[in-house]
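Biologist: I'd like to learn how to read a few features of a model like this one. Could you take me through them step by step?

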Amino acid sequence: MGRIHFFPKVVKLLQKNGGYIFMRKGVLFFIISMMSIGLSIPIGDVMMVDFPVFLFTFITILIASIILIPFASIVEKTKWGQLGWRNYFGIFMQALLTVTLYTVFQLYGLTYAGPVSVGIITSITPAVVLVLSVFLLRERLNLKKISAVALAIIAVLIMEIAGVDPEGGGSSIGILFMLLAVVSLSLFFIYAKKFTVELPPYTLAAGLCFFGMVQTLPMAIYEFSTIDLTIFSGGAAWLGIIGFALTAWVFAYAFTYLGITEINASTAGMASAVIPIVATATAIVFFGAPLRGVDMVALVLVVGSIIIAEYQERTKEIPSDSAWSSEEGEVK
C-alpha cells in the first residue's frame, strides 16, 4: 500500500523545480504534528484538575479511534484482517511507547509541573533522539546536528537552573515524569522510522489509537469506578476531551506518519522542539499561564535549534534523506 498525501495541492505549491521553497514536505508535516502536540499540552493541564490520567487517556483515544479507523478504511482501503502479525506487533509496540507511556508520563508530569515548564522540558527530546539514532540507526554526527542539539539542551538547563516558580511549575517529580515521557517519545521516533515503510499513514495512526485504547483500558476501568461521574456533565469537560482527542491523537499522529518517512530520525527529534513554542503560546494566550524571562530565552534557543537542523538537512540531496535504505526494505 502506497503512502497517501493528505494535502497534495499544498505540497505542490511548496515545490519548485524539484525543490522546496520553504522546507521539505516531510519536515512541514512533522512540524504540523508537533504543533498539534504542543496545543494538547495546555488542554491536558486543565483536564488533569478533574480527570484521572488513564481514564482521560482512554476516552480521548476512543474518540480518535472512532474517527481514524473508518477514515483509514475508506481513504486507504485498509483490509484490517490482512495486515499480518508482524505489522500488528509493530503498531502495538509504537502504541506502547507513545500512546501509553509518553502520554501517561506527560499527563502525570502536568499534575506536578505547569504547561510552560512541561513544554520546554520536552525540547530535550532531540538530544535523546540523536543519541539513540547514532547507536540504533547508525546515523552520522556532524557539527550542525551537535549545535542544534546543544541549543535545545541549553534551553532546558537555563530554565531549570533559574529555579522553579512559587506554584510548583517545575517541581522535581514533574521533571522526572517528563524525562520519562521524553525517553518514550524518543524511542517512538526511532521505532517509527524503521516501521512506517510497511503501512500507509492513516492506517498506522488508526492502529496506534486502537492498541493504545486496549493498553489503557484496564486502568481506565479501575479509575472509572473511583470517580464522581458529575465531572462529565459540563460542556467545558467534553470540549476539553474532544480538543485533546483531535490535537494529541488524530492530527498529531496522522501528520507524524505522513512526515516520518521523508526525514531521518534526528531531524524528527529536532522538529519536536516546536512543541514548547506552541505549548507556551497556547498556555499564555488562552489559559493565562505566567511566562518568565528565562522561558523566553529558552524558547529563542529552541527556535535556533530548529533552524540549524532544517538548514543542515536541506544541504543534502533529497534521495539520501527521504528514503530509508537498509536490509529492512525501501521507502520508494
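Modeller: Happily! Let's begin with a cut-off: a residue is called exposed when its relative accessible area is over 50%, buried when it is under 20%, and partly exposed in between. Keep in mind that this is a predicted model.

Biologist: Then how should I class lysine 77, buried or exposed?

Modeller: Lysine 77 has a relative accessible area of 60%, so it is exposed. You will find lysine 77 in the loop between helix 3 (53–75) and helix 4.

Biologist: What should I look for in the backbone of lysine 77?

Modeller: The general idea is that most residues other than glycine have a negative phi. Lysine 77 is not a glycine, yet its phi is positive, about 50°. In sequence terms, this residue with the positive phi follows helix 3.

Biologist: And helix 3 itself, what span does it reach from its first C-alpha to its last?

Modeller: Helix 3 has 23 residues and reaches 32 Å, close to the 33 Å expected at 1.5 Å a residue. Helix 2 (residues 25–47) also has 23 residues, and its first and last C-alpha are 33 Å apart, close to the expected 33 Å.

Biologist: How many residues of helix 2 are buried?

Modeller: In helix 2, 18 of the 23 residues are buried, so the helix is mostly covered by the under-20% cut-off.

Biologist: Let's go inside, then. How many cavities of 30 Å³ or more does the structure hold?

Modeller: There are 2 of them, and the largest cavity has about 70 Å³ of space. Its lining consists of Ile37, Ser40, Tyr102, Thr103, Gln106, Phe244, Ala248, Trp249 and Tyr253. The elements that give two or more residues to this lining are helix 2, helix 4 (85–112) and helix 10 (235–259).

Biologist: Which helix gives the largest share of that lining?

Modeller: Helix 10 does, with 4 residues. A general point helps when you look along a helix: an α-helix has 3.6 residues a turn, so residues three or four places apart point the same way.

Biologist: What about alanine 245, buried or exposed?

Modeller: Alanine 245 is found in helix 10, and it counts as buried because its relative accessibility is 0%. Alanine 245 also shows how the fold brings parts of the chain together: serine 40 is 205 residues away in sequence, but the two C-alpha atoms are 8.5 Å apart in space.

Biologist: Where can I see another pair like that, with methionine 219?

Modeller: Try methionine 219 with leucine 55: they are 164 residues apart in sequence and 7.2 Å apart in space, C-alpha to C-alpha. Methionine 219 sits in helix 9 (residues 201–224), and it counts as partly exposed because its relative accessibility is 36%.

Biologist: Finally, the surface. Which residues form a nonpolar patch there?

Modeller: The patch is formed by Val131, Phe135, Leu136, Val183 and Leu187, with about 470 Å² of accessible area together. Helix 6 (125–136) and helix 8 (172–195) are the elements that give two or more residues to this patch, and helix 6 gives the most, with 3 residues.

Biologist: How does leucine 187 count in terms of accessibility, and what is the value?

Modeller: Leucine 187, found in helix 8, counts as partly exposed because its relative accessibility is 31%.

Technical notes: Residues numbered from 1 in each chain as written. Predicted model: local features only at pLDDT ≥ 70, side-chain atom pairs only at ≥ 80, totals over all residues. Heavy atoms only, no water. Expected span 1.5 Å × (residues − 1). Buried < 20%, exposed > 50% of the residue type's maximum accessible area, 1.4 Å probe, protein only. Patch = residues over 30% accessible without salt bridge, like charges linked within 9 Å, V, L, I, M, F, W, Y side chains within 5 Å. Areas by Shrake-Rupley, 256 points an atom, 1.4 Å probe, with all protein chains shown as cover. Salt bridge = Lys/Arg side-chain N within 4 Å of Asp/Glu carboxyl O. 1 Å grid on protein atoms, 1.4 Å probe; cavity = no way out; pocket = protein on both sides within 12 Å on 5 of 7 lines; lining within 4 Å. Points joined across faces, edges and corners; volume = space filled by probe spheres on them.
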